[in-house]
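Student: I should like to request a close look at a single part of this model, followed by a connected account of its surroundings.

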Amino acid sequence: MRRLALLFCGLSAVALAGGCSREAPAPPLESAPPAASIDRGAMPDFALEDVQGGTTPLFPAKGIPPQLVVVALTSTRCPIAALHAPRLAELARRYEERGVRFLLVNPNSSESAQELAAFAKKSGVQFPVLRDPDQQICNALEVHRTTEVFVVDFHRRIRYRGALDDQYSVGARKPKPERHYLVEALEALLAGKAPAAERTQPAGCALTRPAKPQRPSTKAPSYHADVAPILRKRCAECHQPGEIGPFSLLTYDDARSVAAMMRDVVERQLMPPWHAAPEVGRWRNDRSLTEAERATIFAWVDAGAPEGAPATQPLPAPAAAGSWHLGKPDLLLTTSEQQIPPQGIVDLRYELVDTGLAEDRWLSGAELRAGNRSVVHHIQAFAIYPTDLPTSSEAPRLTAGYSQRQIATLVPGERYEPWPEGAGRFLPAGSKILFQIHYTPNGVESTDRSTLALRFAPEKPSQVLMTRGVHHRPLNIPPLDPAVRVDARWELKKDTIIYGLMPHMHLRGKSFRYDATLPNGMRVPLLDVPRYDFAWQTLYRPEVPIELPAGTEIHCQAIFDNSPANPNNPNPNASVHFGEQSTDEMMIGYVDYVER
């Protein structure tokens, strides 16, 4: 994988495509080891409303009672729950003949029966789907996560509770599960044995409790006066209909329904996704929350998420999904239809699309649009010159020269920004565009056709915008090593203006930094990313373009974590080398620049 500028957005783009918080202040629940045993409480003998308007009990009143009942909690707004639902549907079909009954229970009062029915249909769930808006089960059993599963015997004793498996967690995902906790528990119980792990920690979104009547308070922040401006500024670009965020955050009801989840991911520094150290550099696209903004969100959630009086002036609307921000395109190039599986990690997709250009053109702008934002994590578009084109039918991969012909990127949370004034990129006659697309499954089979829009410059620009990949090849990352350092350098031949920096590694990437050594020997830090996250390939755009003289050396330093402690590591026992897929590795420090 070459240059990849990549819910909350980052739970997606689970989307989990969220951040991996190995260095967050507190370890996430998902990283805790399974508990060895369970205090066998009893499942409440409930009868809950189903999505058809009827009532469904824990055990059916008629017929042969099941040997076991699986009660699985869910939420239409939790990306991990969306990934779990099709798997639960498959398990229900597999175990039905063995006397296991499945129930899907939604404990969120803000999610309607219609929403839940559509969610279940999309996921292939054919067993009973119930609503628990008063959170009877959660209150009785002290549930805090939306994806916890319970296995209950005929006496209503809880024989297992916890995670479905270990593939997904908030901020990380594995190519496939290593432990199938629910299946292991069912197989043991059906064989008359106790599960090896009777309780594990569920990996899901924090559960929001129903709103309670509140006394008016002048101290607690309110949604309209204090929280809405933060969400509109930091979150709404992704969290609106048609964008990658798994739920909207444009209204009070939207925010109230995920208040606990919001507090959880903000406190764990997963959202908004921003990974640059504040001590080095100032960035125009900085999405991070200030300490005051974090404190406001915490206080608002802790006070019960009060709405407050509506604002007298409406907030500015976020950029609408689906509109071209670069203006009317001169040329649109679209991929063929791509099929995306419901689960797992999808290898990068490549497709060459012919521009049809009969003459050389200069570009003044380019913009990518995903056809299906719910599964497109990020896209890169590269210009492939006629001299680059292969003689075989196989699509070219990204050799070192292609990185300087990057045309556009689409990444979660990144706003479209025009190229620097007077700058453009060259596209010769006969060129093709290489689309490189990273898909993240969302629980259901999906399709996508993505598009690149181009605008032509009326004349040759005064500056040629280029992209340099400062890279190290070959790579040799040994097994089990938590801190493998790799360095790469680039000496500037001319005076240079830097407009963007983007570190790129894969799933074992841990940290990345850029430094410049000036011709007089002075070392200047440019960018420090101490918590690199493959799920968020950010192009860091300096508030003031960085001007460097000829003879300056750009030094990139990367640290890789190939240990079992890395929750994204697909195989800590493997020796890892350079390669394009996420299970391989890369070390590239991209630089957007012009020469003077």
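Which residues of α8 are buried?

Tutor: A word on the basis comes before the helix. This is a predicted model, in which local features need pLDDT of at least 70, side-chain atom pairs count only at pLDDT 80 or more, and totals for chains, interfaces and linings use all residues. Residues are numbered from 1 along each chain as its sequence is written, and side-chain values use heavy atoms, with hydrogens and water left out.

In α8, the buried residues are E293, R294, I297, F298, W300 and V301. Buried here means under 20% relative accessible area, exposed over 50%, and partly exposed in between, with a 1.4 Å probe and protein chains only. These buried residues lie on the same side of α8, because they cover an arc of only 165° around the axis; the arc is that of the directions from the helix axis to the C-beta atoms. On the other side of α8, E291, A292 and D302 are exposed.

The helix itself comprises residues 291-302, 12 residues in total, and reaches 16 Å from its first C-alpha to its last, close to the 16 Å expected at 1.5 Å a residue. That expected span is 1.5 Å times one less than the number of residues. Helices (H or I, at least four residues) and strands (E, at least two) are DSSP runs, numbered from the N terminus. Just after α8, G304 takes a positive phi of about 95°.

The buried residues of α8 pack against α5, α6 (252-257) and α7 (259-267), where contact means heavy atoms within 4.5 Å.

One of these partners, α5 (223-234), also borders the loop that holds a cysteine of interest: C205 lies between α4 (181-190) and α5, while C78 lies in the loop between β3 (68-73) and α1 (79-95), so the pair ties together parts that are 127 residues apart in sequence. C78 and C205 form a disulfide, with their sulfur atoms 2.2 Å apart; the criterion is a pair of cysteine sulfur atoms within 2.5 Å. A search of the whole structure finds one disulfide. The torsion about the S-S bond of C78 and C205 is about 80°, so this disulfide is right-handed. C78 is buried, with a relative accessible area of 1%, and C205 is buried as well, at 2%.
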